[in-house]
Amino acid sequence: MSILVSPSPFPNSHSIDLASTMLDRDAYLIDLLNQIVRDVETRHDDISWLQELRERAVFWVRQSILPTTRDEEWRFTDLSFLRKIQFNVEMRHGASHNGASLDSLPEAATSRLVFVNGVYASELSSVAGLPDGVVVSNLTDLPATCSQRIQEYLAQTEGAHELFTALNTSGMVDVAVVWVSKNVVVETPIHLVFLATGEKSGISLPRCLVVAETGSSVTLVEEYTNRRGAEGAEEERVYFTNAVTEIWVGENARVNHTRIETESAEAVHIGKTAVSQARYSWYSCHAVTFGGKLSRHNLEILQTGEQTETVLNGLTMIGGEQLADTHSAIALNYPHGTSKQLHKCILSDRAHGVFNGKVFVPKPAQLTDAAQLNQNLLLSSKARIDTKPQLEITADNVKCAHGATVSQLEDDEIFYLQSRGIDANDSRNLLVNAFAAEVINQIPIPSVRQYLMQMVSG
């Protein structure tokens with residue numbers, strides 16, 4: 001356990017001093033930013049407050065550099081290969097969804113919002129099945145009352161100046177918005193689909209904002225994919241998804257959030273989930289990662305009042321030469337907070353998993369109960385995991401624990417199953433499925449659990 005006083009729970013390790021000169025700036029990053037800015041200008045957006053958000057984000061990106069393995073937060077995730085790729089921002093507009101079928105979540109057939117390459121696709125969306133007091137819309141079509149209030153929340157979470165968050169904001173032309181009014185309970189799950197068409201060297205900047213007001217309750221499924229329902233094999237192409245989701249959980253509100261990433265095997269996916277929890281609120285996140293040549297999920301939880309409850313479950317299953325990186329930070333700043341985190345990795349072939357989990361418990365956060373566990377299953381001698389569960393505590397009356405395990409399938413377990421008439425391959429699959437099921441079974445939507453277990457079974 002490390003003991004540390006940190007001025008900010010979410011370190012911004014890849015921004016440089018604002019006094020930096022032009023020589024210090026990153027030419028590759030500036031070129032990508034200029035592409036994004038030019039693309040936004042073609043949209044002729046006349047929303048003044050949104051333009052101001054973008055301008056501030058552009059300023060921060062211009063003062064930043066692409067992180068390297070010399071940065072502690074990116075020590076095991078090498079982005080240098082991105083500099084060899086000339087991404088085309090214009091690819092995100094006017095793309096076809098290739099006949100994609102979005103019927104795998106029947107519970108949300110009439111509560112689904114779809115974006116293709118980060119741009120709203122009305123022909124694939126359906127939100128007719130939602131009760132009064134719930135708004136599920138893209139930014140352009142928001143009701144006037146909601147459009148005025150959204151300024152208080154959009155791009156206002158802690159860590160907005162982090163490089164990839166600011167890069168997303170600088171190109172923000174549309175947003176998936178979920179707004180649940182005070183004391184409204186939404187029984188139907190809301191499905192947010194961000195579909196990448198996999199255009200060669202394309203880049204998309206999906207953005208999502210969720211506001212659950214006081215006493216409300218909502219279940220969300222946020223999905224990033226490129227292959228749902230596509231017919232026939234397609235050539236794998238390199239493309240880049242840079243996603244940001246902001247979730248505001250009001251006083252005594254409940255948000256159950258499932259995040260699924262099944263991008264192409266050649267894709268780069270960098271995602272941020274930033275959550276602000278008011279007092280007495282409850283938030284759970286089930287984050288599942290299967291896709292991407294390189295994927296990274298930054299999960300940041302900020303407690304803004306006492307007696308909050310946070311449940312974080314994660315599952316990463318990758319093979320080949322994939323790299324999947326999960327960085328989480330939980331800032332428990334008030335008394336009587338509870339957080340439980342379980343993250344599991346299943347790695348085969350030459351896959352590389354990274355887990356870095358931080359829990360901050362400063363002196364005011366007395367009577368905090370925090371637990372963090374990372375469990376890893378290596379199915380190959382060449383698979384690799386770098387894990388760092390971390391507690392940073394200055395409060396003296398707390399109950400906190402963390403740990404990590406790394407293991408392989410046990411020969412005696414496989415032998416036991418074989419002695420019961422199950423062949424060796426099925427025995428291995430059965431053990432892998434049982435390892436993953438502990439996370440998947442906590443997802444509250446039956447069709448999602450079934451879909452994910454099928455993915456695990458291969």
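**Exercise 1. The chain as a whole**

Among contacts in the chain between residues at least 6 apart in sequence, what percentage join residues at least 24 apart? State also the secondary structure content and the buried share.

*Solution.*
- Step 1. The model is predicted.
- Step 2. Of the contacts between residues at least 6 apart in sequence, 85% join residues at least 24 apart.
- Step 3. The chain holds seven helices and 20 strands.
- Step 4. The chain has 458 residues, and 57% of them count as buried.

**Exercise 2. Helix 1 and helix 2**

Compare the span of helix 1 with the expected span, do likewise for helix 2, and find what their buried residues pack against.

*Solution.*
- Step 1. Helix 1 runs over residues 27–41, which is 15 residues. At 1.5 Å a residue the span should be 21 Å, and the end C-alpha atoms are 21 Å apart, so the two values agree.
- Step 2. Helix 2 (48–62) also has a listed length of 15 residues. From its first C-alpha to its last, helix 2 reaches 21 Å, close to the expected 21 Å.
- Step 3. The buried residues in helix 1 are Y28, L29, I30, L32, L33, Q35, I36, D39 and V40. These pack against helix 2, helix 4 (163–170) and strand 6 (203–204).
- Step 4. In helix 2 the buried residues are W49, L50, L53, R54, A57, V58 and V61. Their packing partners are helix 1, helix 3 and helix 4.
- Step 5. A general point helps in reading such lists: an α-helix has 3.6 residues a turn, so residues three or four places apart point the same way.

**Exercise 3. Helix 5 against helix 6**

Classify the packing of helix 5 and helix 6 from their angle, and describe the contact.

*Solution.*
- Step 1. Helix 5 (residues 411–419) packs with helix 6 at an angle of about 120°, and the axes are 9 Å apart.
- Step 2. Angles of 65 to 115 degrees count as roughly perpendicular and those over 145 as roughly antiparallel. The two helices, helix 5 and helix 6, are therefore oblique to each other.
- Step 3. The crossing of helix 5 past helix 6 is right-handed.
- Step 4. Helix 5 contributes E413, I414, L417 and Q418, which meet A424, S427, R428, L430 and L431 of helix 6. By class, the contact of helix 5 with helix 6 has five nonpolar, two polar and two charged residues.

**Exercise 4. Helix 6 against helix 7**

Repeat the analysis for helix 6 and helix 7, then say what covers the buried residues of helix 7.

*Solution.*
- Step 1. Helix 6 (residues 424–440) and helix 7 (residues 446–457) pack at about 150°, and their axes lie 10 Å apart. This angle makes helix 6 roughly antiparallel to helix 7, because angles over 145 degrees count as such.
- Step 2. Helix 6 passes helix 7 in a right-handed crossing.
- Step 3. On the helix 6 side, V432, N433, A436, A437 and I440 take part; they meet R449, L452, M453, V456 and S457 in helix 7. The residues of this contact divide into seven nonpolar, two polar and one charged.
- Step 4. Helix 7 has twelve residues and reaches 17 Å from first C-alpha to last, close to the 16 Å expected.
- Step 5. S447, V448, L452 and V456 are buried in helix 7. Their cover includes strand 8 (217–225), strand 10 (254–262), strand 12 (282–289), strand 14 (309–318) and helix 6.
- Step 6. After helix 7 comes G458, with a positive phi near 75°.

**Exercise 5. Three loop residues**

Locate A155, D349 and L379, and give the exposure of each.

*Solution.*
- Step 1. Most residues other than glycine have a negative phi.
- Step 2. A155 has a positive phi, near 60°, and is not a glycine. The residue lies in the loop between helix 3 (144–149) and helix 4. With a relative accessible area of 12%, A155 is buried, because the cut-off is under 20%.
- Step 3. D349, also not a glycine, has a positive phi of about 55°. D349 is in the loop between strand 16 (338–347) and strand 17 (352–361). Its relative accessible area of 43% makes D349 partly exposed.
- Step 4. L379 sits in the loop between strand 18 (369–378) and strand 19 (384–393). L379 is partly exposed, at 25%.
- Step 5. L379 and S348 are 31 residues apart in sequence, but their C-alpha atoms are 4.7 Å apart. Leaving out residues up to four places away in sequence, L379 touches I346, L347, S348, L409, R428 and V432.

How values were computed
Residues numbered from 1 in each chain as written. Predicted model: local features only at pLDDT ≥ 70, side-chain atom pairs only at ≥ 80, totals over all residues. Heavy atoms only, no water. Axes fitted to C-alpha atoms, helices over the stretch in contact; angles between N-to-C directions. Helix = DSSP H or I, 4+ residues; strand = E, 2+ residues; numbered from the N terminus. Parallel < 35°, antiparallel > 145°, perpendicular 65-115°, else oblique. Left-handed = near helix turned anticlockwise from the far one by under 90°. Contact = heavy atoms within 4.5 Å. Nonpolar A, V, L, I, M, F, W, Y, C, P; charged D, E, K, R; others polar. Expected span 1.5 Å × (residues − 1). Buried < 20%, exposed > 50% of the residue type's maximum accessible area, 1.4 Å probe, protein only.
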